[in-house]
Amino acid sequence: MLRDFLTMMIVISIICRFYFYFYGSMSYKFPTKEKLKSKKLIDKLFAEGRSITQYPIRLVYLQIKFEDDTKCKVGVTASKRNFKSAVKRNRIKRLMREGYRLNKHLIFNNNENQFAFMFLYLGKEMPTQPKISTTMIRLMKKFATENSNRDIKE
RNA sequence: UAAGCAGGUCGCCUUAUCGCUGAUUUCAAUCUUUUGGAACCAGAGGAAAGUCCGGACACCAUAGUGCAGUAUAGCGGGUAACGCCCGUCCGUCGUGAGGCGAGGACAAGUGCAACAGAGAGAAGGUACAGGUAAUGCUGUAGUGAAAGCAGGUAAACUCUAUACGGUGCAACGCCAUGUAAAUCAGUGUUCGAGGGCUGCACGCUCAAGCUGAAGGGUAGGCGGUUAGAGUUAUUGAGCAAUCAAUAACCUAGAUAAAUGAUAAGGAAGUCUAUAUAUUAAUAUAGGCUACAGAAUCCGGCUUAUGGCCUGCUUUUUUA
RNA sequence: UGGCCUAUGGUGUAAUUGGCAACACAGCUGGUUUUGGUCCAGUCGUUCUAGGUUCGAGUCCUAGUAGGCCAA
C-alpha cells in the first residue's frame with residue numbers, strides 16, 4: 001500500500017512538472033483586473049456584442065479597448081429563473097470560472113486584441129466539472145477560428 | 001420490540017497541485033501612495049433563509065403637544081428591548097408523557113344571530129303539570145351554539161390599561177468626474193413660497209427660492225465596516241429564564257459579489273451485489289451523504305433539513 | 001438590501017357587515033339534425049397551503065408557499 005502510494009505521488013509530480021514545462025509561459029491566474037465589473041461595459045457588451053452558443057453555454061463577446069492593459073475582462077452568469085437557490089447559482093458560476101481559468105490559453109496564444117466576455121449558462125440542470133470544461137474548450141476553439149477568419153476579412 | 005412525547009448535540013476529516021479575497025512582514029517600481037512579486041496567517045451558517053417582531057447606530061428639533069392610527073392583554077419574574085424566554089393559576093385537547101391558549105371588559109353605548117323554535121332582545125307567551133279571586137303566577141318539556149337570566153357574541157365596532165415620533169447603511173459623511181448659475185410656464189421674498197420624507201391640527205426651526213414641461217450629465221472611489229448587549233471555562237446567587245465575579249482568547253469582510261477545482265487516502269451511517277454462514281454476523285466491490293451561501297450589526301420567532309445521544313409515556317411479548 | 005401587493009373551475013371575473021360558492025367563454029357527454037353549426041340539458045371546485053377564533057369561515061386572525069411590483 002505504502003509503496004503504491006509513493007509511486008503514485010512520484011508519477012503525479014512528474015506529470016505536473018511536464019505540464020509546467022509545456023505551458024510554462026501560460027498563467028492560470030484569474031485576478032480581479034480580468035473580471036468584468038463596470039455596468040456601462042456590460043450594457044455595451046449586450047447591446048453590441050456577438051454571441052457563440054455551445055449548449056449549455058453561450059459566449060457573448062465584444063472587441064473593446066480598455067484603459068488598463070489587460071487582455072480581456074470576463075463575466076459569468078447563471079439566471080435566477082432557472083436556478084432559484086443561490087447555492088446552485090454560485091456553484092455554476094464557480095465551475096464556469098474554473099473552466100475559463102484552465103483553458104484561457106487557447107484564446108490568447110494567437111490573439112493580441114482586447115475583448116470583453118460574458119458567459120451565460122443556458123441549461124436547466126446542474127452541470128458537472130468535466131462537462132463544463134469540455135464545452136468550454138469547444139467554445140474557445142470555435143471562438144478562436146471565427147475570430148481569426150474575421151481578422152483576415154478585415 | 002412497536003408507536004409516541006420532550007430535550008440536548010454535531011453539521012465529515014487529512015494531504016498534494018492550481019486558483020480567489022483580506023491582514024501582516026519584506027523586496028522592486030513609482031507621479032509618494034499606488035502597483036507588482038515573495039513569505040506566512042486567516043477566510044460562511046444552524047438556520048447565513050423568511051423579513052415576522054425588538055433593539056443598537058445614523059440623519060431629521062437632545063423628538064415636543066393633541067387627535068387619529070397600530071400593536072399587546074390572567075398573575076409574577078428576566079432582559080438593552082420585544083409580540084421573546086422562565087415560573088405559576090385557569091381553560092382546553094390527549095389513555096399518558098405532554099401539547100395549545102390575542103386568557104381584561106357585554107354591570108357605558110351601538111351592532112349581529114342562517115336553520116330550527118311559540119319566542120333570539122323587547123315585548124309577547126307554545127305544550128304539560130301545579131296554583132290563584134284573577135293574571136306567565138310557578139315548575140318541567142321541546143328548539144337551538146345561546147332561552148324568563150344584570151342572556152350570548154369584543155379574532156364585531158367599541159371601552160379600559162400599557163407601549164409606539166419618522167425614515168432606513170441604497171441611513172449618513174467626504175473625494176473625484178461632469179454639465180446648464182441654460183430655455184419656457186406658474187408662484188414667491190418679513191403681508192413668508194417652500195423645506196425639515198408624520199394622516200390631520202398646533203408648535204419649533206431653516207429660509208430665497210420652489211413647482212411643472214421638455215432636455216442634459218453622472219451612475220466611480222473612500223469612510224461608515226467589523227472588539228462586540230463578543231466567545232470559552234470556572235465559581236457563586238436563583239425553582240428557572242437569567243445575573244454577577246474571575247481567567248483566557250481575537251474569530252470573514254466580498255461588492256457582476258471571495259471561501260473553489262482536480263487527484264489520493266481515511267472515519268461514520270446506509271443501500272445494492274457476491275462469498276462464508278444460514279439465528280446474529282463477517283469480508284470484498286460499487287454507489288449515496290441533507291437543508292442551504294455572509295452583504296451595517298446584535299437578541300428572538302418562524303420555516304427548510306441529515307444523523308447521533310439522553311430522559312419519559314402507552315401497549316404487547318419474554319424473564 | 002429595504003418596502004409593498006395579489007392568489008376563487010382550464011381562462012377571465014362575482015359573492016353586501018361571517019349564514020346554499022355565482023356568471024361568461026372553453027372542454028367533455030347526451031339530445032335535436034341526413035351530417036356539421038346554432039340551440040337545449042348535464043358535467044367539470046381541497047375558494048394557494050397549514051393551524052386558530054366561531055354553532056358556522058371564500059370572508060376574521062396567525063404562520064407559510066407561489067407570483068408580481070417599487071426604491072440608487
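A polar contact is a pair of N or O atoms within 3.5 Å. In this predicted model, such a pair links the side chain of Arg97 to RNA strand B, where a phosphate oxygen is 3.0 Å from an N or O atom of that side chain. The side chain of Arg94 also reaches the backbone of RNA strand B, with an N or O atom 2.7 Å from a phosphate oxygen. Glu98, by contrast, is directed to a base: an N or O atom in the side chain of Glu98 is 3.0 Å from a base nitrogen of RNA strand B.

The surface near RNA strand B draws two or more residues from each of helix 1 (2–22), helix 2 (39–48) and helix 3 (86–103). Helix 3 supplies the largest share of this surface, nine residues. In total, 24 residues surround RNA strand B, and those that come nearest are Thr32, Leu36, Arg91, Arg94 and Arg101. Sorted by class, the surface comprises 10 nonpolar, four polar and 10 charged residues. On the side of the nucleic acid, 70% of the atoms of RNA strand B within 4 Å of the protein belong to sugar or phosphate, and the rest belong to bases.

The loop between helix 3 and helix 4 (105–108) contains Lys104. Lys104 counts as buried because its relative accessibility is 8%, and the limit for a buried residue is under 20%. The side chain of Lys104 is joined to that of Glu34 by a polar contact of 3.1 Å.

The protein also contains an open sheet of four strands, arranged in the order 1-2-4-3 with mixed pairing. Strand 1 (50–54) and strand 3 (72–78) form the edges, each pairing on one side only. From one strand to the next, the twist averages 20°. The pairing of strand 3 with strand 4 (residues 115–121) is parallel and extends over seven bridges. Within this pairing, Val74 has Phe117 of strand 4 as its bridge partner. Helix 3 packs on the sheet and touches strand 2 (57–63), strand 3 and strand 4. The direction of helix 3 makes about 150° with that of strand 3. Helix 3 thus appears in both parts of this description: it packs on the sheet, and it gives nine residues to the surface near RNA strand B.

Methods
Residues numbered from 1 in each chain as written. Chains lettered and ligands numbered in written order. Predicted model: local features only at pLDDT ≥ 70, side-chain atom pairs only at ≥ 80, totals over all residues. Heavy atoms only, no water. Near = heavy atom within 4 Å. Polar contact = N/O pair within 3.5 Å; in protein donor to acceptor, adjacent residues only side chain to side chain. Nonpolar A, V, L, I, M, F, W, Y, C, P; charged D, E, K, R; others polar. Buried < 20%, exposed > 50% of the residue type's maximum accessible area, 1.4 Å probe, protein only. Pairing = 2+ DSSP bridges. Axes fitted to C-alpha atoms, helices over the stretch in contact; angles between N-to-C directions. Contact = heavy atoms within 4.5 Å.
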